[in-house]
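Please look through the model below before reading on. The paragraphs after it go from the overall fold to single residues.

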Amino acid sequence: QVQLVESGGGLVQAGGSLRLSCAASGRTFSGYAMGWFRQAPGKEREFVATITSGGGSTTYTNSVKGRFTISRDNAKNTVYLQMDMLNPEDTAVYYCAAGLYSIHRPDYHSWGQGTQVTVSS
């Protein structure tokens with residue numbers, strides 16, 4: 001397993017941008033797919049984006065396609081989520097996770113503590 005620490009969350013106006021980072025510790029980061037999930041108040045944690053271990057393939061949930069971009073730098077043991085054209089519905093705690101290339105939460109075995117993203121209208 002790996003230890004994951006997210007950063008980069010904050011308060012932004014609608015239409016703005018944020019870039020989330022997730023730093024991983026451990027030797028096996030490059031062997032795992034990485035995912036981003038989010039959880040809004042009163043809702044279940046939902047899939048946002050995922051990227052393969054080598055970074056060659058990505059998958060997004062429909063609501064963020066064209067606005068969010070997931071990427072990774074295996075030399076830095078870091079995965080990113082660039083979020084553009086944010087809207088209030090994107091407000092949530094964002095979590096990164098390590099595991100399989102999947103949209104399903106059980107396929108990820110390591111999770112960060114989350115970072116809050118708040119989008120004001």
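Strands here are DSSP runs of E with at least two residues, and they are numbered from the N terminus. With that numbering, asparagine 77 falls in the loop between strand S7 (68-73) and strand S8 (78-83). The model is a predicted one, and the residues named below are placed by the same kind of element label.

The protein chain contains zero helices and 11 strands. Read from the N terminus, its elements therefore run β-β-β-β-β-β-β-β-β-β-β. The radius of gyration is 13 Å, close to the 14 Å that the globule rule gives for 121 residues, so the protein chain is as compact as a globular protein of that length. Along the principal axes, the C-alpha trace spans about 40 × 25 × 25 Å.

How much of the protein chain is made up of buried residues? Of the 121 residues, 44% are buried. Contacts can also be sorted by separation in sequence: among those with a separation of 6 or more, 56% are between residues 24 or more positions apart. The exposed surface of the protein chain comes to about 6,000 Å², and carbon and sulfur atoms supply 48% of that area. As for charge, there are 10 positive and 8 negative side chains, with the centres of the two sets 5 Å apart.

The aromatic side chains come next. A pair of aromatic rings is described by the distance of the centres and the angle of the planes. The protein chain has four aromatic pairs when rings count as paired with centres within 6.5 Å. One of them joins phenylalanine 37 and phenylalanine 47, at 5.7 Å centre to centre with 75 degrees between the planes. Planes over 60 degrees apart count as edge-to-face, so this pair is placed in that class. Phenylalanine 37 belongs to strand S4 (residues 33-39) and phenylalanine 47 to strand S5 (residues 46-51), so the pair links parts of the chain 10 residues apart. Buried means under 20% relative accessible area. Phenylalanine 37 is therefore buried, at 0% relative accessibility, and phenylalanine 47 is buried as well, at 11%. Ring pairs link Phe37 and Phe47 with Tyr108 and Trp111 in a cluster.

Several loop residues can be followed in turn. Leucine 100 is in the loop between strand S9 (92-99) and strand S10 (108-111). Is leucine 100 buried or exposed? With 53% relative accessibility, leucine 100 counts as exposed. Even so, leucine 100 has contacts beyond its neighbours within four places in sequence, namely with Ala33, Thr50, Asp107 and Tyr108. Its C-alpha atom is separated by 6.4 Å from that of tyrosine 32, which is 68 residues apart from leucine 100 along the chain.

Proline 41 occupies the loop between S4 and S5, and at 76% relative accessibility proline 41 is exposed. Proline 41 and threonine 78 are 37 residues apart along the chain, and 27 Å separates their C-alpha atoms.

Backbone angles complete the tour. Most residues other than glycine have a negative phi. Asparagine 77, a residue other than glycine, has a positive phi near 55 degrees. Methionine 85, also not a glycine, has a positive phi of about 50 degrees. The place of methionine 85 is the loop between S8 and S9, and methionine 85 is partly exposed at a relative accessible area of 48%.

Key
Residues numbered from 1 in each chain as written. Predicted model: local features only at pLDDT ≥ 70, side-chain atom pairs only at ≥ 80, totals over all residues. Heavy atoms only, no water. Helix = DSSP H or I, 4+ residues; strand = E, 2+ residues; numbered from the N terminus. Rg over C-alpha atoms; globule rule 2.2 N^0.38 Å. Buried < 20%, exposed > 50% of the residue type's maximum accessible area, 1.4 Å probe, protein only. Contact = heavy atoms within 4.5 Å. Areas by Shrake-Rupley, 256 points an atom, 1.4 Å probe, with all protein chains shown as cover. Lys, Arg positive; Asp, Glu negative; His and termini not counted. Charge placed at Lys NZ, Arg CZ, Asp CG, Glu CD. Phe/Tyr/Trp six-rings, centres within 6.5 Å; stacked < 30°, edge-to-face > 60°.
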